[in-house]
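Trainee: I would like to learn how to read strands, rings and cores from a model like this one. Could we take the features one at a time?

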Amino acid sequence: MKPTLLILAAGIGSRYGGIKQLDQFGPNGETIIDYSLYDAIRSGFGKVVFIVRQEIKESAEALFAPKLKGKIDFDFAIQGVQSYVPEDLGTVERVKPWGTGHATLCAWKQTDTPFAVINADDFYGRDAFATMAQFLQTDTNDKQHAMIGYELKRTLSENGTVSRGVCVEREDHNLESVIERTKIFEDNGAIYFEEDGARTELAPETPVSMNFWGFKPSMFPITKDLFDTYARENINTPKAEFYIPTVMTHIIKSGLGDCRVFRSSSDWFGVTYPEDKPTVQASLSALHEKGEYPGKLWD
């Protein structure tokens, strides 16, 4: 059974100042999502689910449906602030989406195979998709999940702080822990994360999650139970976010499963700030020139 690809595309893009998941970066106006779709198709994924906000669904469908028709099955899932919230909590007063863990949960009804989860605004490279597709198609253990780990030093932005899932890996190459750090930056040649006003240095080779995860369907009911608790505890905290690392940490610590870490030494690139755009455009143009992608991705 071919795996499914979930694309997290419901973010507001407050630091970017626009809908970056639909912005043009490639030499022919391609979005970053286009490259993920192209790599997923040639790596053996059989379906893609776009997780979007209701207000951008029509634009996303108009942009991607013609490209994908006849090449791969596709669907759309809506991440709304009310989605999967326990009914007894009533109306939720917030604008910001609930976060990546909640976004994944919103695609439960559209997903019935092992699946990968990626960000819409990150370029991961073909090798990452090939590695994850191979794992999802061949590993039959319903409790064994996976992630692509990138070296921290290869994932920074010159234009501001970034959020990363900082990982600790066990000797058996499974994940021991992952903690979302929301303010990572480089200063005078060293890398730090800041929390509550205090700086902590991180090694440049520290593996981090760029939200390229591989899950078995057993992840969904676990996520729903966790989110129910999280929503009840944070119903009056409009900026609280329920992250995928929260789910994975619970799975590992509770003995409900493991997460294999597949290391990547590739240079990640993506967009957090508008100033990142020229760098991404130059990187994508270089990949076309090297022949890693055809002149045009879609006929």
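Trainee: Which residue in strand 10 is the bridge partner of Phe193?

Mentor: Two strands are taken to pair if DSSP finds at least two bridges between them, and the strands themselves (E, at least two residues) and helices (H or I, at least four) are DSSP runs numbered from the N terminus. Here the partner of Phe193 in strand 10 is Thr200, and strand 9 and strand 10 (residues 198-202) run antiparallel, joined by 5 bridges. Keep in mind that this is a predicted model, in which local features need pLDDT of at least 70 and side-chain atom pairs count only at pLDDT 80 or more, while totals for chains, interfaces and linings use all residues. Residues are numbered from 1 along each chain as its sequence is written, and side-chain values use heavy atoms, with hydrogens and water left out.

Trainee: How many residues lie between strand 9 and strand 10 in their hairpin?

Mentor: There are 2, and Asp196 in that turn has a positive phi of about 55°. On its other side in sequence, strand 9 (residues 190-195) pairs with strand 8 (residues 175-187) in the antiparallel sense over 4 bridges, with Glu186 standing opposite Ile191. That hairpin also has 2 residues between its strands, and there Asn188 takes a positive phi near 55°.

Trainee: And in strand 4, which residues point one way and which the other way?

Mentor: In a regular strand the side chains alternate between the two faces of the sheet. In strand 4, Phe115, Val117 and Asn119 point one way, and Ala116 and Ile118 the other. Buried means under 20% relative accessible area, exposed over 50% and partly exposed in between, with a 1.4 Å probe and protein chains only; 5 of the 5 residues of strand 4 are buried, so this strand is largely enclosed by the rest of the structure.

Trainee: To which strand is strand 4 joined by 5 bridges?

Mentor: That is strand 1 (residues 4-8), which runs parallel to strand 4, and one of the matched positions is Leu8 with Asn119. Strand 4 also pairs with strand 11 (residues 207-215), this time in the antiparallel sense over 3 bridges, where Ala116 stands opposite Gly214.

Trainee: How many residues does the largest nonpolar core have?

Mentor: In soluble globular proteins, nonpolar side chains tend to be buried together. A nonpolar core is a set of buried Ala, Val, Leu, Ile, Met, Phe, Trp, Tyr and Cys residues joined through side-chain atoms within 4.5 Å. The largest has 53 residues, and those with the most contacts inside it include Leu5, Ile7 and Phe212. Helix 4 (residues 126-138) gives the most to this core, with 6 residues. Taking contact as heavy atoms within 4.5 Å, and leaving aside neighbours within four places in sequence, Ile7 is in contact with residues including Ile33, Val48, Phe50 and Ile118. Apart from this core lies another, of 36 residues, among them Leu8, Ala103, Met147 and Val261.

Trainee: How many aromatic pairs does the count come to?

Mentor: A pair of aromatic rings is described by the distance of the centres and the angle of the planes. Rings of Phe, Tyr and Trp (its six-membered ring) pair if their centres lie within 6.5 Å, and planes under 30 degrees apart count as stacked, over 60 as edge-to-face and the rest as tilted; by this rule there are 24 pairs. One of them, Tyr35 with Phe123, is edge-to-face, at 6.1 Å centre to centre and 70° between the planes. This pair links helix 1 (residues 32-43) and strand 5 (residues 122-123), its members being 88 residues apart, and both rings belong to buried residues. Trp108 and Phe220, by contrast, have ring centres 5.6 Å apart and planes at 10°, so that pair is stacked. Trp108 lies in the loop between helix 3 (100-105) and strand 4 (115-119) and Phe220 in helix 5 (residues 219-234), so their pair ties together parts 112 residues apart in sequence.

Trainee: Is Phe220 buried or exposed?

Mentor: Phe220 counts as buried because its relative accessibility is 1%, whereas Trp108, at 30%, counts as partly exposed.
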